[in-house]
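Biologist: I'd like to go through the labels on this one and hear the reasoning behind each. Can we take them one at a time?

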Amino acid sequence: MTTDVSAGVDVRAYCARIGYHGPTEPTVDTLHALVAAHNRAIPFENLDPLLGIPVGDLGAGALFDKLVHRRRGGYCFEQNGVMGYVLSELGFGVQRLAGRVLWMNTSGVLPAQTHETLAVTVPGVAGQWLVDVGFGGQTLSSPIRLETGPVQQTRHEPYRLTEHEDALLLEAQIRGEWQRLYTFTTCPKPQIDLEVGSWYVSTYPKSGFVVGLSAALVTNDARWNLRGRNLAIHSGGETERIRFDTAGEVLTALTERFGIDLSDLEDRYDVEARVHEVLDN
């Protein structure tokens, strides 16, 4: 028996979750508005892997339950998972792609395909858009054209796509320098491949999502990045840094600054104790 991975899509609840009250017709303007609203409302976070909870079910029911109804965040497979389901339901064309993360990777070792991104088509409009609401602190804050060459401005930094061996490379211009984010191909990935990638990054003992705490949020004018006890707020070329002394202070930041509802986790796990263990990771 096969499972309908799209069962459970609730566009109305999603729009309420992200505070979106605009048009839902599948247009370029709608696409931009939904990405911006999603950025502002649903934070990147890896609390489930950190607490030993595998993320293997990428069906709409599981993702909407967590990110929409329980008001949690998630990482790329979850964030772009939800976005992909919503866009498909609204009439956009959606292809799920896989990428290899190069951002902050200095090892020189070929990384696995552990990032999900989306290629989106708008009815009546030529070409595709790259949509990615799940790349943490440096996530795309606007859709960009899925074409190589031109520098494309988002709500925040400029981005560009270039050819890289047998793939495409996404780069962001940060403080005047081009930084590599990830490579990807335009070959659509089946659900099972994405679930394998998600299971791997959420369970592999050396995965950054298993051994350290991360959270991120993109506002209209800033990027909020939390790693362990350290919070960085990047805005207008300046960075404010805040260091939390205790795990309790970190949990307060997760709820009050990032808007993450921790109640479902705190009923079952000692979240504060686990966060304390990774404050300096």
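Biologist: Why does glutamate 277 count as exposed?

Modeller: This is a predicted model, so keep that in mind throughout. Glutamate 277 has 54% relative accessibility, and exposed means over 50%, so the label fits.

Biologist: What makes arginine 274 and glutamate 277 a salt bridge?

Modeller: Their side chains meet at 2.8 Å, N to O, and the cut-off is within 4 Å, so the pair qualifies. They are three residues apart in helix α10, which separates them by about one helical turn.

Biologist: And how do you know that aspartate 264 and arginine 70 tie together parts far apart in sequence?

Modeller: First, the contact: their side chains form a salt bridge at 2.3 Å, N to O. Aspartate 264 lies in helix α9, while arginine 70 is in the loop between α4 and α5, so the pair links parts that are 194 residues apart in sequence.

Biologist: Which burial labels do aspartate 264 and arginine 70 get, and why?

Modeller: Aspartate 264 has 14% relative accessibility, so it counts as buried, the limit being under 20%. Arginine 70 has 27%, which falls between 20% and 50%, so the label is partly exposed.

Biologist: What about arginine 229 and aspartate 280: buried or exposed?

Modeller: Arginine 229 is buried, at 9%, whereas aspartate 280 is exposed, at 59%. Their side chains meet in a salt bridge of 2.8 Å, N to O. Arginine 229 sits in the loop between β11 and β12 and aspartate 280 in the segment after α10, so this salt bridge ties together parts 51 residues apart in sequence.

Biologist: How do you know that the span of helix α5 agrees with what it should be?

Modeller: At 1.5 Å a residue, its 15 residues should span 21 Å, and its end C-alpha atoms are 21 Å apart, so the two agree.

Biologist: What makes α5 largely enclosed by the rest of the structure?

Modeller: The burial count: 13 of its 15 residues are buried, so the description holds. Glycine 91 follows α5 and has a positive phi, near 110°.

Biologist: Why is threonine 114 called buried?

Modeller: Threonine 114, in strand β3, has 19% relative accessibility, and buried means under 20%, so it makes the cut. Beyond its neighbours within four places in sequence, its contacts are Cys76, Phe77, Gly99, Tyr200 and Val201.

Biologist: Last one: what makes β1 and β13 edge strands?

Modeller: The open sheet runs β1-β10-β11-β12-β13, with antiparallel pairing. β1 and β13 each have a single partner strand, so one side of each is left without a neighbour in the sheet.

Terms used:
Residues numbered from 1 in each chain as written. Predicted model: local features only at pLDDT ≥ 70, side-chain atom pairs only at ≥ 80, totals over all residues. Heavy atoms only, no water. Helix = DSSP H or I, 4+ residues; strand = E, 2+ residues; numbered from the N terminus. Expected span 1.5 Å × (residues − 1). Buried < 20%, exposed > 50% of the residue type's maximum accessible area, 1.4 Å probe, protein only. Contact = heavy atoms within 4.5 Å. Pairing = 2+ DSSP bridges.
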